[in-house]
2 protein chains.
Amino acid sequence: MTRTEPRPAGPTLAVVARAAAVSIPTASKVVNGRKDVAPDTRRRVTEALDALGYVRRPRLTPRHPPPLIDLVVHCLDSTWSGAVLRGVEEAAHEAGLEVMISGGLTRTRGGRPERDWLDRLALRGTSGVLFNLAELSPTHYAWLEQHRIPYAMIDPVLDPPPGVPAVGAANERGARSAVEHLLSLGHTRIAVVGGYRRKQCSSARVAGYRAAMAAAGLRPRAEYVRYADFDTATARARTHELFALPQPPTAVFACSDPMALGIYQALAELGLRIPQDVSVVGFDDLPEAEWVTPALTTVRQPLREMAATALRQLLRMRDGGAPPGARTELPTRLVERHSTAPPRPLAHDQRLGQRSLCRTTHGT
Amino acid sequence: MTRTEPRPAGPTLAVVARAAAVSIPTASKVVNGRKDVAPDTRRRVTEALDALGYVRRPRLTPRHPPPLIDLVVHCLDSTWSGAVLRGVEEAAHEAGLEVMISGGLTRTRGGRPERDWLDRLALRGTSGVLFNLAELSPTHYAWLEQHRIPYAMIDPVLDPPPGVPAVGAANERGARSAVEHLLSLGHTRIAVVGGYRRKQCSSARVAGYRAAMAAAGLRPRAEYVRYADFDTATARARTHELFALPQPPTAVFACSDPMALGIYQALAELGLRIPQDVSVVGFDDLPEAEWVTPALTTVRQPLREMAATALRQLLRMRDGGAPPGARTELPTRLVERHSTAPPRPLAHDQRLGQRSLCRTTHGT
DNA sequence: CTGAAAGCGCTTACAG
DNA sequence: CTGAAAGCGCTTACAG
């Protein structure tokens, strides 16, 4: 905890008023920018205010939450968070609010935020809380309701209770466009590396994959569908499994860019080239998609805008607006870069490792 | 600006006290965790507090700044800021403080922060302000002093007035280690791409380059020293200039990782391979150094620790500790990855573009 | 332990 | 325009 100790005391309004030779109410008017003050009086008071370094303390009552919103992120130094932070900060600035970074849920135990954090939040007040990628428990929701703290979710892992703003991307459609792109290139043996097996947010992308395959008359084999918990290292391991299959895929759709990076690593370890030997598509369009070689073709998720939208919805509700209907889905867009190409001719029937043999022959 | 309007009013202490059938002072004691309350009374009050969702408002006087610190960053979605944010947040959490993101200086005009931001900062109070990569004007310093707001600088562009904590990395030594590494590989035609020509922070790295060259008995040619304002695109342009020279370098030291990325781009455009044709060393060790191919050899700057250190120094001073002497410099470390190798034999005398001709011959 | 009384640092009518 | 008076939402002694 902070010290509440000595520290040079700033002057009170009374001191300023005395210095300017006016009453306290008059000084108060100047501080609050009221009009009914004579120019000369205003000048004298302003000077005293400046000279003494008066610091105004807003009165904080439950009716007047401080002009700030809380952003809860799990990991502060990911490029994901960077995009979200920027979107939130811009929208907050527009609304005259500042942004407090909350580590509360980061240091969660068993899904429960630190009691300290909750207490402090209630203590200082907030105009609202924005949860990024969060999975709140019923206890959280109850607590927020009880304290009448408005909140909203950015790309929630689970859908929040009805009436709570939740903004995500068009996961199913986005995934579909990724797979359709691979299909149009001529791939049929397309694998998918999903995020969490059971969570709705990532199952929508796998569903998009299935839908695109089905629309092309293809039934994806069970062994082509893997899950890697949105983790780079796990995706790398899954890729090794995929390419140890009797019939490895010719293309892989990763349900997130960080997982695509894991696929890149595994492919490099296997001596397979992207996109000549294997095509890879990601999902997110984080900055690393451009830094990697070859630059990653991926589905762009408008993170900044998602974050800004969530904040605006929160504010609208707080000000008495109607709650948004269901989850808001912002459109995605396929960004074609250099990680995809038509499949290698013989790849269908041969192990991909035996590259040198396949140069001239043609498969199916 | 925010609305200060209706909003469901939280209960006042008086309401809670009435509900618990105690006096206001007694309710106040419970809220403040005082000991002199009977257990049963405390229970009744606590229940009323919870049931009514009472939100405590700390009294904010100049003697009691809110338990929060402000972090001012220029760009929220860079990996640099991510590292700094994380370091600050961790150190702040340790100290029981929360972190407010300030866009104030981001939206600066002519070096002056928005008046709005300054006013608001004074209004709500802060335990201190941390400036990241900032260049403050005398006006800023005066304002901060007048309002008795403690502050510190993380990797300042210009050194702040004496007595103000400033934490950076050992720029000169770090740069020297980068160039010594290239020297030890056998390079002699080593170019440097610096940040800002006139700013102290980046000139220290160029000085390190010169020192290492001099120690090896080499005098760097003037045309091998370029400046690119810490900008990727500019670094790319400078690289094209460098390799249009009659005698292009065999290695380039970039004074930041983002500039190294620009060098990568230019080299790819020129058909030059890293590290076979040209070696590249960066400075920072941001995440992208690992994502790029080949992985970048670079000088690691402990950003998280720099940020945490700046915060701790600020807090120590606020609590009456002695100001740190001069700028604090944290040690750097060369991280060897895959962007450096010995120079190509003939590279000294031939244009690097003519690769195929040089395979078997040997130069100086 | 409890709470009436006084005080703090304002702000809000409102009389002049 | 100005400021005495009343009020707000507490907290701080302190008497019982």
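Helix α9 (residues 232-242) of chain A lies across β6 and β7 of chain A and runs at about 155° to β7(A); contact here means heavy atoms within 4.5 Å, and angles run from 0 to 180 degrees between N-to-C directions of axes fitted to C-alpha atoms, for helices over the stretch in contact. Helices (H or I, at least four residues) and strands (E, at least two) are DSSP runs numbered from the N terminus. The model is a predicted one, in which local features need pLDDT of at least 70 and side-chain atom pairs count only at pLDDT 80 or more, while totals for chains, interfaces and linings use all residues. Residues are numbered from 1 along each chain as its sequence is written, chains are lettered from A and ligands numbered from 1 in the order in which they are written, and side-chain values use heavy atoms, with hydrogens and water left out.

The strands beneath this helix belong to an open sheet of 6 strands in chain A, in the order β7-β6-β8-β9-β10-β12 and with mixed pairing, two strands being paired if DSSP finds at least two bridges between them. At the edges stand β7 (225-227) and β12 (333-335) of chain A, each of which pairs on one side only, and the twist from one strand to the next averages 20°. In general, strands of a sheet pair through backbone hydrogen bonds, either parallel or antiparallel. Strand β6 (residues 190-194) of chain A pairs with β7(A) in the parallel sense over 3 bridges, and A:Val192 has A:Val225 of β7(A) opposite.

A further helix, α10 (residues 257-269) of chain A, lies across β6, β8 (251-254), β9 (279-284) and β10 (297-300) of chain A, at about 155° to β9(A). A:Gln265 is part of helix α10 of chain A, and this residue counts as partly exposed because its relative accessibility is 35%; buried means under 20% relative accessible area and exposed over 50%, with partly exposed in between (1.4 Å probe, protein chains only). Leaving aside residues up to four places away in sequence, A:Gln265 touches A:Thr232 and A:Arg236, while its C-alpha atom is 9.1 Å from that of A:Thr239, 26 residues apart along the chain. In the loop between α10 and β9 of chain A is A:Pro275, which is joined to A:Ile274 by a cis peptide bond with omega of about 0°.

In chain B, strand β1 (residues 68-72) is mostly covered, with 5 of its 5 residues buried. B:Leu68, B:Asp70 and B:Val72 point one way from β1(B), whereas B:Ile69 and B:Leu71 point the other way. β1(B) pairs with strand β2 (residues 98-102) of chain B in the parallel sense over 5 bridges, and B:Asp70 has B:Met100 as its bridge partner in β2(B).

Chain B also holds some backbone geometries worth checking. Most residues other than glycine have a negative phi, and most peptide bonds are trans. B:Ala21, although not a glycine, has a positive phi of about 60°; B:Ala21 is in the loop between α1 (13-20) and α2 of chain B and counts as exposed because its relative accessibility is 61%. B:Asp285 likewise has a positive phi, near 65°, but B:Asp285 is buried, with a relative accessible area of 16%. A cis peptide bond with omega of about -5° joins B:Thr293 and B:Pro294.

Both protein chains contribute to the surroundings of the DNA. Around DNA strand C there are 18 residues, the closest being A:Leu13, A:Ser28, A:Arg34, B:Lys29 and B:Thr41, where a residue is near if one of its heavy atoms lies within 4 Å. Of the atoms of DNA strand C within 4 Å of the protein, 68% belong to sugar or phosphate and the rest to bases. A side-chain N or O atom of A:Ser28 is 2.2 Å from a phosphate oxygen of DNA strand C, and a polar backbone atom of B:Ala38 is 3.1 Å from a phosphate oxygen of that strand.

DNA strand D also has 18 residues around it, of which A:Lys29, A:Thr41, B:Leu13, B:Ser28 and B:Arg34 come nearest, and sugar and phosphate account for 67% of its atoms that come within 4 Å of the protein. Phosphate oxygens of DNA strand D lie 2.4 Å from a polar side-chain atom of A:Thr41 and 2.3 Å from a polar side-chain atom of B:Ser28.

Note on methods
Polar contact = N/O pair within 3.5 Å; in protein donor to acceptor, adjacent residues only side chain to side chain.
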